[in-house]
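Me: I'm new to reading protein models and would like to go slowly. Please pick one small part, look at it closely with me, and then work outwards from there.

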Amino acid sequence: MSYDVIIVGAGASGLLAAITAARLGSSVLVIEQKEKAGKKILATGNGKCNFTNQYQNPQCYHSDDSAFAMKVLSCFDVQKTLQFFKELGIYPKAREGYYYPNSEQAASVLAVLLLECARLGITFRYKEKVREIRKPYFTVITEGEDKKRQSYSGHSLILAAGGCASPQLGSDGSGFTLAQGLGHSIIKPLPALVQLKSPDKSCKTVSGVRTQARLTAYSDMDKLAMEEGEIIFTDYGVSGIPVLQVSRFIAKALDQGKSTWLILDYLKDLSEADVTELLKERRKQNPAKTLEELLIGLLNHKLNYILIKAAKLDPTKSSAQVSEKELAAIASQLKHHKLMINGTNSFEQAQVCAGGVTTREINAESMESKLLPKLYFAGEVVDVDGTCGGYNLQWAWSSGYLAGISAARRQ
Ligand SMILES: Cc1cc2nc3c(=O)[nH]c(=O)nc-3n(C[C@H](O)[C@H](O)[C@H](O)COP(=O)(O)OP(=O)(O)OC[C@H]3O[C@@H](n4cnc5c(N)ncnc54)[C@H](O)[C@@H]3O)c2cc1C
């Protein structure tokens, strides 16, 4: 069968592209290797789907070409996204700028997209993996679970196959292989929005502890990023939103063979001098307490303990015998606790994939390949990854919309 537009991948970007192209009158085929569409959409926002964010700025999107994403996003911005979903039935609920469907069900977002696809007569082929794309104007070879091969032809092709993150939900990196087969270059894919591993044994001691902190990520002598929020210690290292946010920078630095670490500031509203004064005051009031007892009530007691150890002090030492220098050493740990990082968790645990098809080979006005006419890209397969907070879906919607509209207009 021949179609105007063939789309590889029924994720967020592929569905947006399909709807947009079909609304302009194109016949559209979507090929999906899983048994159903939008598996990843269902997992977003802990099942609630944080589908966009009111606050948009270039720092929210990362790529080798930082201007690329903003150009694409301006074609289908947050207002247009909210309007698009409102028309489909998604009444938005904003929480500090983070948008969710009022139903708080990611399933609602997927349902309205699929209802619109059905209304537009879009054809889906499930459980077929695209193995090969032959050019020109395009022959797509798929393989089913029974190893049976099928062939489809399309005037235009949109590659919306995602990256490598969470392969259990479908995106297994095969989009990169297909893009390479069509002559495109790939920026090395790395896990992003992912937990970090530390060789520091003390993480195990405090595993399960949650604490507020300001976190600064470093590699060699470079400051990579700073975030604030709840850190969660785990057996292998650290997790929590601020950790996920800095993880793509750490992943890149580790990949370049640099040494990386985090500095955790547990009392960000006080200066180091203020913390030293606070400790002196507590010692004055409680001279009979041990050093460990002196810190009770400041941070989680397990965390207090590892910070005393990190300052190379004895937790059982009497406060009265603790010198000013030793108190200053504890204050320093409370403000600048250093945690070496030696890895990230794998793609299985990552929410997104950094890297992908280089934007240098894609036209930001259309998402069309600069190398091969009528080939388009959308979503995470492209070298754009967003920070946590609705930005990755916004990228999928915007790039999917632009690819869909461009492919339909090029018929
Ligand atoms: C647990 C989790 C929570 C998240 N929460 C949020 C959130 O709240 N807000 C947010 O903005 N972002 C969130 N994200 C990120 C966001 O979901 C993704 O960035 C976005 O869904 C990517 O859409 P996509 O269409 O590019 O790719 P995908 O959704 O990965 O879709 C690609 C599709 O292509 C199919 N495919 C791949 N290769 C082939 C092939 N060869 N043949 C046929 N089909 C193929 C796959 O099976 C898949 O269905 C989250 C991600 C995860 C994993």
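Reply: Start at the hairpin of S5 and S6, where two residues lie between the strands and Glu 96 takes a positive phi near 50 degrees. This is a predicted model, in which local features need pLDDT of at least 70, side-chain atom pairs count only at pLDDT 80 or more, and totals for chains, interfaces and linings use all residues. To find your way, note that residues are numbered from 1 along each chain as its sequence is written. Strands are DSSP runs of E with at least two residues, helices are runs of H or I with at least four, and both are numbered from the N terminus.

The two arms of the hairpin are S5, residues 92-95, and S6, residues 98-101, and four bridges pair them in the antiparallel sense. Two strands count as paired if DSSP finds at least two bridges between them. Look across the hairpin and you will see Arg 95 opposite Tyr 98 of S6. S6 also has S3 as an antiparallel partner, through two bridges, with Thr 52 standing opposite Tyr 99. Put together, the three strands make an open antiparallel sheet in the order S3-S6-S5. S3 (52-53) and S5 are its edge strands, each pairing on one side only.

Now move to S1, residues 2-8. Five of its seven residues are buried, so this strand is mostly covered; buried means that 20 or more other C-beta atoms, placed from the backbone, lie within 10 Å of a residue's own. S1 runs parallel to S10 (residues 149-159), with six bridges between them, and Tyr 3 has Gly 154 as its bridge partner there. S1 also runs parallel to S2 (residues 28-31), this time over four bridges, among them the one that pairs Ile 6 with Leu 29.

Further along comes H1 (12-23), one of the elements that supply at least two residues each to the shell around the ligand; H2 (39-43), S8 (128-134), H6 (174-181) and H13 (391-409) do so too. The shell has 39 residues, and Gly 9, Gly 11, Gly 162, Gly 170 and Gly 379 come nearest to the ligand. A residue is near a molecule if its C-beta atom lies within 6 Å of it. By class, the shell holds 15 nonpolar, 18 polar and six charged residues. Here Ala, Val, Leu, Ile, Met, Phe, Trp, Tyr, Cys and Pro count as nonpolar, Asp, Glu, Lys and Arg as charged, and the others, Gly among them, as polar.

H1 packs against H5 (residues 106-119) as well, at an angle of about 35 degrees and with the axes 10 Å apart. These axes are lines fitted to C-alpha atoms over the stretch in contact, and angles run from 0 to 180 degrees between N-to-C directions. Leu 15, Ala 18 and Ile 19 of H1 meet Leu 113, Glu 116 and Cys 117 of H5. Of these contact residues, five are nonpolar, none is polar and one is charged. Contact means C-beta atoms within 7 Å.

Finally, step back to the whole chain. It has 13 helices and 21 strands, and 48% of its 411 residues count as buried. Its C-alpha atoms fill a box of roughly 85 × 45 × 40 Å along the principal axes.

Technical notes. Contact = placed C-beta atoms within 7 Å. Buried ≥ 20, exposed ≤ 12 C-beta atoms within 10 Å, placed from the backbone.
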